[in-house]
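Please open the model and keep it in view while you read. These notes go point by point, so take your time with each.

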Amino acid sequence: MTMLTWKMRILQFCRRILDLFTNLLFWIVYQNKSEALPPVTDLILLESALSLAIKIRTRKLTSTQVVEAFISRIKEVQPIINGIVDERFSNALEDAKNVDEFVKSGQYTEKEMEEKMPFLGIPFTIKDCIGVKGMSQTAGLVSKKGTKAEEDADVIVLLREAGAIPLAITNVSELCMWWEASNNLYGQSNNPYNNTRIVGGSSGGEGCLLASAGSVIGIGSDISGCIRIPSFMNGIFGHKGSTGIVSNQGEYPSAEKELDSFLSTGPMCRYASDLLPMFKVLAGKNASKLKLDTMVNIRYLKIYYMEDDGGNPCVTQVCTEMKMAVQKVIIIISYYTFKKHVWHQVTENLFVQDETLI
């Protein structure tokens with residue numbers, strides 16, 4: 001065994017001892033200190049945005065009822081998660097009443113409303129770096145305290161045109177630069193599943209609010225994980241789209257020069273079914289550059305994954321639970337792909353013209 005190998009093993013052993021000590025310390029400090037969220041009692045909060053939009057268009061629900069449900073939920077969970085930093089509840093209710101009157105007017109058919117305004121009457125939330133006219137836009141900086149956006153960012157304009165209603169602004173890390181949502185202006189946002197844990201960042205306030213059923217759809221931005229990390233840590237859905245598809249205009253701080261090619265504004269959702277229709281709206285005219293309506297045959301997809309970084313002795317090891325979760329997803333995808341493949345072969349043998357697409 002070489003000297004280098006011995007040194008690596010010693011480093012690995014020291015790292016494990018350090019991890020055991022810190023895990024014990026945090027367990028002692030934080031045990032039994034998490035406050036459970038109030039249970040969801042309003043069934044409106046358990047539906048996707050698309051489902052709610054259908055019910056609003058068909059007059060099974062009013063936009064006012066939907067907005068009121070989410071306002072009530074935010075008031076329940078905010079003291080625990082500290083997810084929002086500004087709200088427009090009164091204005092949102094006025095917007096909702098206007099939507100209800102519009103639906104009753106019969107100006108458009110249900111089909112026309114679906115095509116022109118797919119999110120008609122649906123409230124949405126936005127991270128505190130994307131401009132909503134008259135609302136907080138501080139990026140978590142003390143020096144920006146009290147700063148209000150002078151106009152809507154492009155993505156807000158598009159969602160408003162799609163019928164959606166801005167409801168609240170959510171917490172971020174300072175300058176949206178860290179993988180949590182904590183700053184000296186609004187404090188720290190807390191994970192809804194365990195308040196002693198972080199929510200990820202920088203779109204962490206958005207992530208924890210969606211996970212808490214305080215919102216159903218929201219807008220985040222991502223330059224190095226700012227949508228993806230909170231989505232992972234809060235168990236919701238988010239997407240960083242291809243560069244240049246969704247406009248970044250109206251954000252603070254703005255990404256300069258080459259950094260703008262890394263920044264992507266995108267959807268964050270409580271339900272996966274809302275991701276694609278939201279992204280279509282946010283992409284605007286650029287949606288035609290992508291094959292968003294093309295069905296995908298999963299037999300031809302290649303999925304790459306990694307369980308760890310290769311075993312760096314100076315880095316905390318990935319826990320067993322995380323590795324098992326990855327393996328579980330791989331098994332499910334493999335099974336589903338195989339099942340689809342077999343069904344495809346059967347239908348081909350029966351001369352059925354079926355592409356078996358999902």
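The points below cover pockets, a surface patch, salt bridges and some backbone details.

1. **What you are looking at.** This is a predicted model, in which local features need pLDDT of at least 70, side-chain atom pairs count only at pLDDT 80 or more, and totals for chains, interfaces and linings use all residues. Residues are numbered from 1 along each chain as its sequence is written, and side-chain values use heavy atoms, with hydrogens and water left out.

2. **The largest pocket.** Its volume is about 1,400 Å³. A pocket here is an open set of points on a 1 Å grid over the protein atoms alone, where a 1.4 Å probe fits, with protein on both sides within 12 Å along at least five of seven lines. The volume is the space filled by probe spheres set on the points, which are joined across faces, edges and corners. The lining counts 37 residues. Trp 179, Met 233, Thr 316, Cys 319 and Met 322 lie nearest the centre. A lining residue has an atom within 4 Å of a point.

3. **Who lines the largest pocket?** Three helices each give two or more residues: α1 (3-30), α8 (228-234) and α10 (320-349). Helices are DSSP runs (H or I, at least four residues) and strands are too (E, at least two), numbered from the N terminus. Helix α1 gives the largest share, 10 residues. By class, the lining has 15 nonpolar, 13 polar and 9 charged residues. Nonpolar covers Ala, Val, Leu, Ile, Met, Phe, Trp, Tyr, Cys and Pro; charged covers Asp, Glu, Lys and Arg; the others, Gly among them, are polar.

4. **The second largest pocket.** This one has a volume of about 600 Å³. It is lined by 17 residues. Nearest its centre lie His 239, Ala 272, Leu 275, Leu 276 and Val 296. Helix α9 (residues 275-283) gives the most, with 3 residues. The lining divides into 12 nonpolar, 4 polar and 1 charged.

5. **A nonpolar patch.** Look at the surface made by Leu 18, Phe 21, Leu 24, Leu 25, Phe 26, Trp 27, Ile 28, Val 29 and Tyr 30. Together they make a nonpolar patch of about 900 Å². Patch residues have over 30% relative accessible area and no salt bridge, and nonpolar side chains (Val, Leu, Ile, Met, Phe, Trp, Tyr) are joined within 5 Å. Areas come from the Shrake-Rupley method with a 1.4 Å probe, and only the protein chains shown count as cover for residues. Take Val 29, found in helix α1. Its relative accessible area is 37%, so Val 29 is partly exposed. The cut-offs are under 20% for buried and over 50% for exposed, with partly exposed in between.

6. **Salt bridges.** How many salt bridges does the structure hold? There are 10. Each is a side-chain nitrogen of Lys or Arg within 4 Å of a carboxyl oxygen of Asp or Glu. One of them joins Asp 19 and Arg 15 (3.4 Å, N to O). Both lie in helix α1, 4 residues apart, about one turn of the helix. Asp 19 is buried at 13%, while Arg 15 is partly exposed at 23%.

7. **Further pairs.** Glu 47 bridges to Lys 55, with the closest N and O atoms 2.8 Å apart. Glu 47 is buried at 16%; Lys 55 is partly exposed at 26%. Arg 160 and Asp 152 also meet in a salt bridge (2.8 Å, N to O). Asp 222, Arg 228 and Lys 240 are joined into one network by salt bridges that share partners.

8. **Cis peptide bonds.** One joins Gly 201 and Ser 202, with omega about 10°. Ser 202 lies in the loop between β5 (187-188) and α7 (204-211). Another runs from Tyr 252 to Pro 253, with omega near -5°. Pro 253 sits in the loop between β7 (237-238) and β8 (264-269).

9. **Positive phi.** Asn 32 is not glycine, yet its phi is near 60°. Asn 32 is in the loop between α1 and α2 (49-57). Is Asn 32 buried or exposed? Its relative accessible area is 77%, so Asn 32 is exposed. Leu 175 also has a positive phi, near 55°. Leu 175 lies in the loop between β3 and β4.

Notes:
Patches are made of residues with over 30% relative accessible area and no salt bridge: like charges are joined within 9 Å, nonpolar side chains (Val, Leu, Ile, Met, Phe, Trp, Tyr) within 5 Å. Buried means under 20% relative accessible area, exposed over 50%, partly exposed in between (1.4 Å probe, protein chains only).
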